[in-house]
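Hi,

Here is the two-chain model I said I would pass on. Have a look at it first, and then read my notes below.

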Amino acid sequence: MVSVSAALTSSYDYGEVARSVLTAIAASYAGLDLAGRVTVARGRVRLAWLGGGAIAMGIGIWAMHFQGMLALYLPVSVEYHWPTVLVSLLVAVLASAVGLYVASSRKMGWVEALIGSAVMSAGIAGMHYIGMAAMRLPAIAQYSPLLVMCSILLAIFFSVVALLLAFDLREETRWTVPRRLGSATVMGLAVSAMHYTGMAAVRFMPSSAPDLSQAVSISPLGRNAIVIVTLIVLLAAVVTSSVDRRTGADIELLNQDLERRVAERTRQLIAINEELRKEIADRQRAEDALQEAQAGLARVTRVLSMGELVTSIAHEVNQPLTAIVTNGNFALRQLDAGTPNLKQLREAIAEIVEDAARASSVISRIRALLKKGTPDRVELDVNEVIKETADLVRKEATRNRVTVQLELAADLPSIVGDRVQLQQVLLNLMMNGIDAMRALTDQPHELVIKSTRSADGVEIQVQDSGMGLDPKQTERIFEPFFTTKHTGIGLGLSISRSIIESHGGRLRTVPSSRGAVFEFILPTDGAGAS
Amino acid sequence: MSEPESIVFVVDDDPSVGRAIKRLIGSVGLHVELFGSAQEFLPSKVTNVPSCLILDIRLPGISGLDFQRQLAESNVEIPIVFITAHGDIPMTVRAMKAGAVEFLTKPFRDQDLLDAVHLALERDRRRRQQEAELAVLRERFESLSPREREVVAMVVSGMLNKQIAAQIGTAENTVKVHRSRAMEKMQANSLADLVKMIERLQVPSAHAS
């Protein structure tokens, strides 16, 4: 311990001290305020806030410190080495920057808090003692290690408190301003306590005149200037921050409103969408049901037209069966006779096999037409479908003295469709043709089925040589339950039309000088979607 | 080729059925001729040997039943065995009334068809025989003089010689001569015999009244 009597007596200007404490509180307030802004901002704006904030805060802290030094009266003239002063200001700015950075980070754990406060306190203590070192006076400063330590501990404590408070206060909540003011007061007092502890740690022992190069003395005007400039800077910082916050808040408010409205609209849209989806599902169900009903109806009419054909079909099955039975009996007789004519026996058996195949093919043709099944779209040779159907009605035609004539173009493209449904349409048209000619006795009875290539597909015509259609009824005949026959339910043509339409084609009548002509086109692109 | 003993004609539009029938009937030693339609079967083909026709009802062009009527109208007498895939009762009745031998439903039993064919041929044979006999009788009847025919007609109607003589204004003995010469020409052994012959010839008998 140095002798107290030898040291220069110092005293404080308490007004100046009070002003320095207020400056500290103001700087703290600005720091807390700015931490919030830095947190909210992103990218370059954040960097600008961080830089500007650090400068404002650094100036504030430095000014407080400088004021605190100026508040000390020594019996000698004190000048300041200004480059050192500048360095101390720079350190204050850096320490502030670190503080703001840490306080504005997304989250703050103990590690971040400790590192941040270590750097900050080092900065503040550094600023303080660098500032002290800038003093130029005819005395030597002696430091009390205990108090220096105390001041450093206080700096650390201050830093931790500052970071925690700043972190806590950065979000906008109710009572933000009063809370921030309270926090700023605590922080300002802590800063002041650290500073004045640091000041208390020094004793100035008189010595020779100092090196006064680059040293300036601070006039009372200068002191006031420092205070005023500092306050202006801090005020500017707080005002800017407040405007920014207000704008941010307005934007936030607008955003919230917008988001609310968007959410509202989205909810409405989702509800509407849900409703639409339900409606579509309902419609789909209805369509499925309709289609099923139509398929059922189509099958019923198919069965009905097959019913009209049943005599012919029975005949067609019976013929090969008769041949089989007769040939079989012949074969048995030959074998029983003991000396069979092997050549004849062989012929008979070969014909049995042939006729059995014939009978079975008739049955499978009929079964295909009667089976209940969902429409099956496959690639089809239209001519083949016509031939198969003509085979089915040929007997019936013969019975009614009708000749069936096929005029099929050779170069037809294949189409995509349902074989059974198309056979049904052809069957219906052919049977109608046969029926139309049944009553007529004098004319030749001819049923002509033509296939030709058309621009967009395959055109099929069924023509009879009957009385032809009543021109007044050419559209009515396609109506359900419209019939000109005594036995008929009047569904054949209406169902035929719907089948052709489901294949993307159109069934219509064609005016003709002789008999009735029905025509439909099946598109090659298989436009039928259902 | 020598003339067969009998001919079975088959008209069926299904060649397979036709061939099978031909084979079956051929196996019992009968001659078969096959036709695809009624038009192809010309009545002129019916020769003077016993024959029959197996006829399908459902045929292209003219139906079997209509063809039966046509044959009858043009006096072609041939026994017909109908075969059909599905005959109904009115159809059967019509066919049988018009003289069909049998009406068989396809597929038929082979024995039924053969029995029907044999029956039909037998019937035709008998008819032909009767017709031949009738032709002989007719020839004999043609050889009678007008007066002899007159006397025969009166004899078979039961008139006595005396009554006949009074009727035609001649002597009873003259009637006796006419009568015995007619009996001789007709090769009748008795009066009863002569009556039967004249009945078969369907000569209108001359009653006194």
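What follows is what I found, going from the chains to the sheet and helices of chain B, then to chain A and the contact.

Before anything else, please keep in mind that this is a predicted model.

**The two chains**

Chain A contains twelve helices and 14 strands. It has 530 residues, and 38% of them are buried. If you take its contacts with a separation of 6 or more, 83% come from residues 24 or more positions apart.

Chain B has 209 residues, with 33% counted as buried. I get eight helices and five strands for chain B. Reading from the N terminus, the order of its elements is β-α-β-β-α-β-α-β-α-α-α-α-α, so to speak a run that ends in helices. For contacts in chain B between residues at least 6 apart in sequence, the fraction joining residues at least 24 apart is 64%.**The sheet in chain B**

The five strands of chain B form an open sheet, ordered β2-β1-β3-β4-β5 with parallel pairing. At its edges are β2 (31-35) and β5 (102-105) of chain B; each has a single partner strand, so one side of each has no neighbour in the sheet. From one strand to the next, the twist averages 20°.

To get your bearings inside the sheet, try β1 (residues 7-11) and β3 (residues 51-56) of chain B, which pair in the parallel sense over five bridges. B:Phe9 has B:Leu53 in β3(B) as its bridge partner.

Two helices are worth looking at against this sheet. Helix α1 (residues 15-27) of chain B packs on the sheet and touches β1, β2 and β3 of chain B, with its direction at about 170° to that of β2(B). Helix α4 (residues 110-143) of chain B lies across β1, β3, β4 (80-84) and β5 of chain B, and runs at about 135° to β3(B).

**Helix α7 of chain B**

I also checked helix α7 (residues 172-185) of chain B. With 14 residues at 1.5 Å a residue, α7(B) should span 20 Å, and its end C-alpha atoms are indeed 20 Å apart, so the two agree.

Which residues of α7(B) are buried? They are B:Val175, B:His178 and B:Ala182. These cover an arc of only 65° around the axis, so they sit on the same side of α7(B). The buried residues of α7(B) pack against α5 (146-156) and α6 (161-168) of chain B. On the other side of α7(B) you will find B:Asn173, B:Ser180 and B:Glu184, which are exposed. Just after α7(B) comes B:Gln187, with a positive phi of about 55°.

**Strands in chain A**

In chain A, I followed one set of paired strands. Strand β9 (residues 403-408) of chain A pairs with strand β11 (residues 446-454) of chain A in the parallel sense, over six bridges. The bridge partner of A:Thr403 in β11(A) is A:Glu446. β11(A) also pairs with strand β12 (residues 457-464) of chain A, in the antiparallel sense and over eight bridges. For that pair, A:Ser451 has A:Ile460 in β12(A) as its bridge partner. A hairpin of two residues joins β11(A) to β12(A).

**Where the chains meet**

How many residues does each chain bring to the contact? Chain A brings 23 residues and chain B brings 17 residues. On the chain A side, α8 (310-337), α9 (342-370) and α10 (382-399) each supply at least two residues. The largest share comes from α8(A), with 16 residues. By type, the residues of chain A that touch chain B divide into seven nonpolar, eleven polar and five charged.

One residue of chain B that I would click on here is B:Pro107, in the loop between β5 and α4 of chain B. Is B:Pro107 buried or exposed? It has 21 C-beta neighbours inside 10 Å and therefore counts as buried, the cut-off being 20 or more. Apart from its neighbours within four places in sequence, B:Pro107 is in contact with A:Asn318, A:Leu321, A:Thr322 and A:Val325. Within chain B, B:Pro107 and B:Ile83 are 24 residues apart in sequence, and their C-alpha atoms are 8.7 Å apart in space.

That is my list for now. Over to you.

Best wishes

Notes. Residues numbered from 1 in each chain as written. Chains lettered and ligands numbered in written order. Predicted model: local features only at pLDDT ≥ 70, side-chain atom pairs only at ≥ 80, totals over all residues. Helix = DSSP H or I, 4+ residues; strand = E, 2+ residues; numbered from the N terminus. Expected span 1.5 Å × (residues − 1). Buried ≥ 20, exposed ≤ 12 C-beta atoms within 10 Å, placed from the backbone. Arc of directions from axis to C-beta. Contact = placed C-beta atoms within 7 Å. Nonpolar A, V, L, I, M, F, W, Y, C, P; charged D, E, K, R; others polar. Pairing = 2+ DSSP bridges. Axes fitted to C-alpha atoms, helices over the stretch in contact; angles between N-to-C directions.
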